[in-house]
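Me: I am new to this model. Please look closely at one part of it, the salt bridges, and then put that part in its setting.

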Amino acid sequence: MPSRTSLSLPEDVMKRLQVLDEDGVSDEDHVKEKLKLVQDFLHVDAQDQLTSLEEKMKSSEMSMEVYISKVKALLGKELNLENGAHADSL
């Protein structure tokens, strides 16, 4: 498996994520908006995981709450990698 490299998020996306973190939107809306911002920049394996989660949610294998929780965790992991954290420490 190739080693993971940091996400390359454009500065405008980073700023929008920062503003989003400061807004008082609901958890679901917050996660969905973050996902829209970074989805194209995620590693392939993370995109595959998101697709799988979405399919399970749409087929009623998991609730929206579980879906949001798992997406939030995945995005947190990916964004921590962007900030220089190592996958081993997560």
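**Salt bridges along the helices**

Reply: Lys-36 is exposed, at 62% relative accessible area (exposed is over 50%, buried under 20%, partly exposed in between; 1.4 Å probe, protein chains only). The model is predicted, with local features needing pLDDT of at least 70 and side-chain atom pairs 80 or more, while totals for chains, interfaces and linings use all residues. Numbering runs from 1 along each chain as its sequence is written, and side-chain values use heavy atoms, without hydrogens or water.

Start with the partner of Lys-36. Its side chain meets that of Glu-33 in a salt bridge, 3.9 Å from N to O (a Lys or Arg side-chain nitrogen within 4 Å of an Asp or Glu carboxyl oxygen). Glu-33 is partly exposed, at 27%. Why can these two meet? Lys-36 and Glu-33 are three residues apart in helix H2, so about one helical turn separates them. Helices here are DSSP runs (H or I, at least four residues), numbered from the N terminus.

How many salt bridges does the structure hold? There are four. Two others follow, one in helix H1 and one in helix H3.

In helix H1, Glu-11 pairs with Lys-15 at 3.5 Å, N to O. They sit four residues apart, so the separation is about one helical turn. Glu-11 is exposed, at 57%. Lys-15 is partly exposed, at 48%.

In helix H3, Lys-58 bridges to Glu-54. Their closest N and O atoms are 3.1 Å apart. These residues are four places apart, again about one helical turn. Lys-58 is exposed, at 62%. Glu-54 is partly exposed, at 31%.

Now the setting. The largest nonpolar core has 19 residues (buried Ala, Val, Leu, Ile, Met, Phe, Trp, Tyr and Cys joined through side-chain atoms within 4.5 Å). Leu-17, Val-38, Tyr-67, Val-71 and Leu-75 touch the most other members. Helices H1 (11–22), H2 (27–38), H3 (44–58) and H4 (64–82) each supply at least two residues of this core. H4 gives the most, with six.

Leu-17 is worth a stop. Leaving out residues up to four places away in sequence, Leu-17 touches Leu-9, Lys-34, Leu-37, Val-38 and Leu-79 (contact is heavy atoms within 4.5 Å).

Put the two views together. Helices H1, H2 and H3 each supply at least two core residues. Helix H1 also holds Glu-11 and Lys-15, helix H2 holds Lys-36 and Glu-33, and helix H3 holds Lys-58 and Glu-54.
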